[in-house]
Amino acid sequence: MNTSQILAAIDAEIARLQQARKILSEVNATPTRGPGRPRTIGAVAIKPKRHLSAEARAKIAAAQKARWAKAKKAAKS
């Protein structure tokens, strides 16, 4: 292979990669949605964050402390 053939092969590969990049960028473009549609990133809907009440956090903390106490008691035995 001489230099001109190598350069032609490189140019052909660059053109092929640019075409693939163009296709991929068109696929990943976020579509515009109506007002009733959920917000999305790509094809995945964004769910709003969920928040625990102070009472729920206290119940979870108490249950975890009970589990720790049980494990500590079992380790001593």
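Helices, of at least four residues, and strands, of at least two, are taken here as DSSP runs numbered from the N terminus. On this basis the chain, a predicted model, contains 2 helices and 2 strands. Read from the N terminus, these elements follow the order α-β-β-α. Helix H1 covers residues 3–27, strand S1 residues 40–41, and helix H2 residues 54–76.

The confidence of the prediction was examined by chain and by element. The mean pLDDT of the chain is 85, and 77% of the residues reach a score of at least 70. Among the elements, H2 has the highest mean pLDDT, at 95, whereas strand S1 has the lowest, at 64. Where pLDDT is low, predicted coordinates should not be read in detail.

Solvent exposure was then considered. The chain comprises 77 residues, of which 1% count as buried. Its accessible surface amounts to about 7,600 Å², and carbon and sulfur atoms account for 61% of that area. A nonpolar surface patch of about 510 Å² is formed by Met1, Ile6, Leu7, Ile10 and Ile14. One of these patch residues, Leu7, is located in helix H1.

Electrostatic pairing was assessed over the whole structure, and the search returned 2 salt bridges. In general, side chains of opposite charge can pair when their charged atoms come close. One salt bridge joins the side chains of Arg16 and Glu13, with an N to O distance of 2.6 Å. These two residues, Arg16 and Glu13, lie 3 residues apart in helix H1 and are therefore separated by about one helical turn. Arg16 counts as partly exposed because its relative accessibility is 48%, and Glu13 likewise counts as partly exposed, at 35% relative accessibility.

Another salt bridge links Lys59 with Glu55, and the closest N and O atoms of this pair are 3.8 Å apart. For this pair the cut-off is relevant: a side-chain nitrogen of Lys or Arg must lie within 4 Å of a carboxyl oxygen of Asp or Glu. Lys59 and Glu55 are 4 residues apart in helix H2, so about one helical turn separates them. With a relative accessible area of 55%, Lys59 is exposed; Glu55 is also exposed, its relative accessible area being 56%. The helix that carries this pair, H2, is the element with the highest mean pLDDT.

Key: Residues numbered from 1 in each chain as written. Predicted model: local features only at pLDDT ≥ 70, side-chain atom pairs only at ≥ 80, totals over all residues. Heavy atoms only, no water. Buried < 20%, exposed > 50% of the residue type's maximum accessible area, 1.4 Å probe, protein only. Areas by Shrake-Rupley, 256 points an atom, 1.4 Å probe, with all protein chains shown as cover. Patch = residues over 30% accessible without salt bridge, like charges linked within 9 Å, V, L, I, M, F, W, Y side chains within 5 Å. pLDDT = per-residue confidence, 0-100.
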